[in-house]
Amino acid sequence: MWNKTKSLLLSRVLTWISACIVLILTFFVPEFSVWYDKSFSHDYGFFSDSSVVVPMCVILYICEIFAFVVLYSLHVLLSNISREQVFVERNTACLRHISWACMFAGVAFSVLGLWRFIFLLAGFLAIMFGLIMRVLKNVFEKAVEIKSENDFTV
């Protein structure tokens, strides 16, 4: 039977698998960028007359740093939840880190959108996800505050 313990375990395993995939993909960023430029890239952008390979490599490597920040924060968050530490300051900090990493990745993809407009969509989606995480962080922060007040009351 599926329960919250198995769900939490699945989330932790998927976080580790995602980290391994991001690490492996690190070695293929240049090849992926060349493949994209030759096969799928359409010349729609402000700098459409130039190759997208170098800017794409730089932006993807920058975004991998943000991806590792998100994955590490998820790992810490899930570890705290598995120890029954849900409404604590550390979890709020993890949500804050996830939100900022998504926003910065969105800005990076938006810069890449100067070469190919399709990356503006990726940037917009990442910024929107960061905004959603920011709202969740604010809700979590308020819950931590309420829990703290209740702990002092009792």
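1. What volume does the largest pocket have? About 250 Å³. The model is a predicted one, and this note covers its two largest pockets, taken in turn.

2. Start with the walls of the largest pocket. Its lining includes Val22 and Leu25, followed by Phe28, Val29 and Phe32. Further along the chain come Met56, Leu60, Cys63, Glu64 and Ala67. Phe109 and Phe119 complete the list.

3. Three helices each put at least two residues into that lining: H1 (4–26), H2 (29–39) and H3 (53–82). H3 gives the most, with five residues.

4. Now the chemistry of the largest pocket. Its lining has 11 nonpolar residues and one charged residue. No polar residue takes part. Glu64 is in the lining, and Glu counts as charged.

5. The second largest pocket holds about 190 Å³ of space. Its lining includes Lys4, Thr5, Leu8, Leu9 and Arg12. Ile81, Ser82, Glu84 and Val86 line it too. The elements that supply two or more of these residues are H1 and H3.

6. Which helix gives the largest share of the lining of the second largest pocket? H1 does, with five residues. For the largest pocket, that place goes to H3.

7. The lining of the second largest pocket is mixed in character. Four residues are nonpolar, two are polar and three are charged. Lys4, Arg12 and Glu84 are among the lining residues. When you look at the structure, follow H1 and H3: both helices contribute to the largest pocket, and both contribute to the second largest pocket.

Methods: Residues numbered from 1 in each chain as written. Predicted model: local features only at pLDDT ≥ 70, side-chain atom pairs only at ≥ 80, totals over all residues. Heavy atoms only, no water. 1 Å grid on protein atoms, 1.4 Å probe; cavity = no way out; pocket = protein on both sides within 12 Å on 5 of 7 lines; lining within 4 Å. Points joined across faces, edges and corners; volume = space filled by probe spheres on them. Helix = DSSP H or I, 4+ residues; strand = E, 2+ residues; numbered from the N terminus.
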